[in-house]
Amino acid sequence: MNEIYMDNNATTKVDEAVFKEMRPYFCEFYGNPSSMHFFGGQVQKKVDEARNRVASLLGASPDEIVFTACGTESDNAAIRSALEVFPERRHVITTRVEHPAVLTLCRNLSKRGYRVTELNVDGEGRLDLDELRRAVDEDTAIVSVMWANNETGVVFPIEEIGAIVKEKGKGAFFHTDAVQAVGKIPLNMATSTVDMLSLSGHKLHAPKGIGVLYLRKGVPFRPFLVGGHQEKNRRAGTENTVGIIALGKACELAARHMDDENTRVKGMRDRLQRELLSLIPHARINGGAAERLPNTLSIAFEYVEGEAILMLLSEKGICASSGSACTSGSLEPSHVLRAMGVPFTCAHGSVRFSLSRFNTDQDVDAIIRELPPVIQRLREMSPFGREFLNR
């Protein structure tokens, strides 16, 4: 059974070139980059090179790159820092469709007396910027809005959001979780309104366990982890040198393959979407009318369960994920689809295909061939589906 992996918004394959770059730093060049001797110094040079590569992809300065363990740590560091910088401010703004790394933190803050505003989205997953304008006030410490949604791929107008924060926020910080956007669409922090940005290496063909917090020069910051002097006192702890070196190479490759991501990969996504809508009745695209990442397709099928779709696809060697939280033991659809108001009959039958540059037209052909009979079979088994088929 050939593996067809289309769950790249969950994690990605480590690029062979990335693995080759990082491999010597496990057993050959294993020095601590903070050490004074030459053995550590040669590792520090590779860390510096990696920092430059990450900065280049983001259009940032190397001094603005802080290495962390993951996107979740970066999100926590950004939001918690803002609340320490502005201890008198008690208001945080985010959206109802954020990744749990942000949303869970904000809801925990609300239990501790902070005022948290969760902005709504429309049926296509788009924000109402007028709601944001009304929400930002003098008590706002930070606004945290994801650059692109992990489930639907919907891209938010980050620069417009940042401009509103700067206009209305009386110095409030603007943070974006860009874990899904980095490496897929061009970003330029040099001209951006963003103060802080989070990214995660394993979403762009680097290994798990390495992330970045972009921190704009001049933005006051209070470290989340304290201890040693690493990262210019902004993130304590011995550097994950192999992860950092890997991420640097992955960012270099992401820049090189950006055009491919937005042409060939997008073309495969669009063909998959077009063919599935043509072959399977009563299907809809979640966020289809909004601007989306070039690799992401969230498609909902009425009268079937997403978990069952995934199980049958998995038997055929196809790896995707569900827009429903059924796979985590909940009977409720995902918070993203609920926020969008996706009908209950569709929300439970949502599947996300997320492609990468390693996918092929043959992968797309296989899904187009295998998925329609899976949906047909499940609808025949469902009492609601049988009623639909007998109309």
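## Exercises on a predicted model

Ala-50 is buried, its relative accessible area being 3%, where buried means under 20% relative accessible area, exposed over 50% and partly exposed in between (1.4 Å probe, protein chains only). This is a predicted model, in which local features need pLDDT of at least 70 and side-chain atom pairs count only at pLDDT 80 or more, while totals for chains, interfaces and linings use all residues. Residues are numbered from 1 along each chain as its sequence is written, and side-chain values use heavy atoms, with hydrogens and water left out.

### Exercise 1. The surroundings of Ala-50

Task: state where Ala-50 is placed and which residues Ala-50 touches, not counting residues up to four places away in sequence.

Solution. Begin with the element: Ala-50 belongs to helix α3, helices (H or I, at least four residues) and strands (E, at least two) being DSSP runs numbered from the N terminus. Next, take contact as heavy atoms within 4.5 Å; with residues up to four places away in sequence not counted, Ala-50 touches Phe-67, Ile-244, Ile-245 and Gly-248. Finally, consider Leu-355, which lies 305 residues from Ala-50 in sequence and 26 Å from it in space, C-alpha to C-alpha.

### Exercise 2. Salt bridges

Task: for the salt bridges of Lys-46 with Glu-21 and of Asp-63 with Lys-232, give the N to O separation and locate the partners.

Solution. First fix the criterion, namely a side-chain nitrogen of Lys or Arg within 4 Å of a carboxyl oxygen of Asp or Glu; the structure holds 25 such salt bridges. For the Lys-46 and Glu-21 side chains, the N to O value is 2.9 Å. This pair links distant parts of the chain, with Lys-46 in helix α3 (residues 38-58) and Glu-21 in helix α1 (residues 16-22), 25 residues apart. Lys-46 counts as buried at 18% relative accessibility, and Glu-21 counts as buried at 18%.

Between Asp-63 and Lys-232, the closest N and O atoms are 3.0 Å apart. Asp-63 lies in the loop between α3 and β2 (65-68) and Lys-232 in helix α8 (residues 230-233), so this salt bridge ties together parts that are 169 residues apart in sequence. Asp-63 counts as partly exposed at 46% relative accessibility, whereas Lys-232 counts as exposed at 56%.

A further salt bridge is formed by the side chains of Arg-126 and Asp-122 (3.1 Å, N to O). Through shared partners, salt bridges also join Glu-21, Lys-46, Glu-49, Arg-53, Lys-249, Glu-252 and Arg-256 into one network.

### Exercise 3. The crossing of α4 and α5

Task: describe the geometry of the crossing of helix α4 with helix α5 and classify the residues of the contact.

Solution. Axes are lines fitted to C-alpha atoms, for helices over the stretch in contact, and angles run from 0 to 180 degrees between N-to-C directions. On that basis, the axes of α4 (residues 71-85) and α5 (residues 100-111) come within 9 Å and cross at roughly 35°. The crossing of α4 and α5 is right-handed, a crossing being right-handed if the near helix is turned clockwise from the far one by less than a right angle, and left-handed if anticlockwise. From α4 the contact involves Thr-72, Asp-75, Asn-76, Ile-79, Arg-80 and Leu-83, and from α5 Ala-101, Val-102, Leu-105, Cys-106 and Leu-109. These residues divide into seven nonpolar, two polar and two charged, where Ala, Val, Leu, Ile, Met, Phe, Trp, Tyr, Cys and Pro count as nonpolar, Asp, Glu, Lys and Arg as charged, and the others, Gly among them, as polar.

### Exercise 4. A sheet of four strands

Task: give the order of the four strands in the open sheet and explain why one side of β9 and of β12 is left without a neighbour.

Solution. Two strands pair if DSSP finds at least two bridges between them; the order is β9-β10-β13-β12, and the pairing is antiparallel. β9 (283-285) and β12 (321-322) stand at the edges with a single partner strand each, so one side of each has no neighbour in the sheet. Three bridges join β9 to the antiparallel strand β10 (residues 296-301), and Arg-284 stands opposite Ala-300 in β10. Helix α10 (residues 258-279) lies across β9, β10 and β13 (350-354), running at about 10° to β10.
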